Amino acid sequence: MHTCPLCQHEHIQPYFADKRREYLQCEQCHLVFVHPNQRLDAKNEKAHYDLHENDPQDAGYRRFLARIADPLLERIEPQSTGLDFGCGPGPTLSLMMEERGHTMALYDIYYHPQTSVLAKQYDFMTATEVIEHLYQPDQVWQQWLNLVKPGGWIGLMTKMVINVEAFAHWHYKNDPTHVIFFSQATFQFLAERDKLELEFIGKDVILLRKTQ
């Protein structure tokens with residue numbers, strides 16, 4: 001019997017299946033997730049990440065990250081402190097925020113595994129193209145909430161589920177390291193449960209403000 005890896009609800013339904021994997025959906029928070037038996041082990045997961053080439057000097061990559069940096073910069077106070085969670089081997093968003101006068105810490109389970117930064121609180125935290133990789137999203141979500149001070153911001157980038165028809169042709173699900181998929185309804189569930197203010201910006205930027 002599977003429970004939802006995000007909200008631990010027990011009512012799970014089949015959502016979609018292809019030649020690669022089987023996908024399930026939670027009836028409560030609407031999270032879509034890969035069958036746990038079909039996820040990569042840590043060695044193969046890291047090998048896939050090692051193929052990524054994110055260059056901090058790449059203007060195109062900076063434009064991509066500006067989609068989250070710009071709205072965050074409009075909302076946070078000058079000289080704020082932030083954490084880039086899941087920054088990868090070539091941290092770039094943190095450099096962009098530092099260039100605007102903010103102080104950044106880095107964490108990545110494979111590339112920047114300094115857990116001491118997770119014992120502090122920040123004015124904001126970011127996780128770009130991270131949340132879809134989480135095997136234990138319930139634990140990491142609580143960790144993110146604890147990392148942000150009251151009134152602080154959580155800034156996320158991830159592509160979101162629209163419906164099963166779109167999902168069937170969605171390239172995003174074909175990445176073997178993508179194992180959970182949020183929809184707007186999933187974020188709305190979490191925002192209501194955890195008393196967060198929620199904003200959707202474009203198709204893949206999600207801003208949440210911790211109200212207490």
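Arg-193 belongs to helix H6, which covers residues 184-193 in this predicted model. With a relative accessibility of 34%, Arg-193 counts as partly exposed, because that class lies between the buried limit of under 20% and the exposed limit of over 50%. Setting aside neighbours within four places in sequence, Arg-193 is in contact with Leu-6, Cys-7, Trp-141 and Gln-142. Its C-alpha atom is separated by 15 Å from that of Leu-31, 162 residues apart along the chain.

Now to the sheet. Six strands make up an open sheet with mixed pairing, in the order S5-S4-S6-S7-S10-S9. Strands S5 (103-107) and S9 (196-201) stand at the edges with a single partner strand each, so one side of each has no neighbour in the sheet. On average, neighbouring strands are turned by 20° against each other, direction ignored. Within the sheet, S6 (residues 122-128) and S7 (residues 148-157) pair in the parallel sense over 6 bridges; Tyr-122 has Val-148 in S7 as its bridge partner.

Two helices lie across strands of this structure:

| Helix | Strands crossed | Angle |
|---|---|---|
| H2 (residues 59-75) | S6, S7, S9 and S10 (205-210) | about 160° to S7 |
| H6 | S7, S9 and S10 | about 160° to S9 |

What about the interior? The largest nonpolar core has 50 residues, and those with the most contacts inside it are Leu-83, Phe-85, Trp-144 and Leu-156. Helix H4 (residues 137-147) gives the most to this core, with 5 residues. A second, separate core of 17 residues includes Ala-66, Ile-76, Met-96 and Trp-153. Returning to Phe-85, its contacts beyond four places in sequence include Tyr-107, Leu-118, Met-125, Val-140 and Trp-144.

Conventions. Residues are numbered from 1 along each chain as its sequence is written. This is a predicted model: local features need pLDDT of at least 70, side-chain atom pairs count only at pLDDT 80 or more; totals for chains, interfaces and linings use all residues. Side-chain values use heavy atoms; hydrogens and water are left out. Helices (H or I, at least four residues) and strands (E, at least two) are DSSP runs, numbered from the N terminus. Buried means under 20% relative accessible area, exposed over 50%, partly exposed in between (1.4 Å probe, protein chains only). Contact means heavy atoms within 4.5 Å. A nonpolar core is a set of buried Ala, Val, Leu, Ile, Met, Phe, Trp, Tyr and Cys residues joined through side-chain atoms within 4.5 Å. Two strands pair if DSSP finds at least two bridges between them. Axes are lines fitted to C-alpha atoms, for helices over the stretch in contact, and angles run from 0 to 180 degrees between N-to-C directions.
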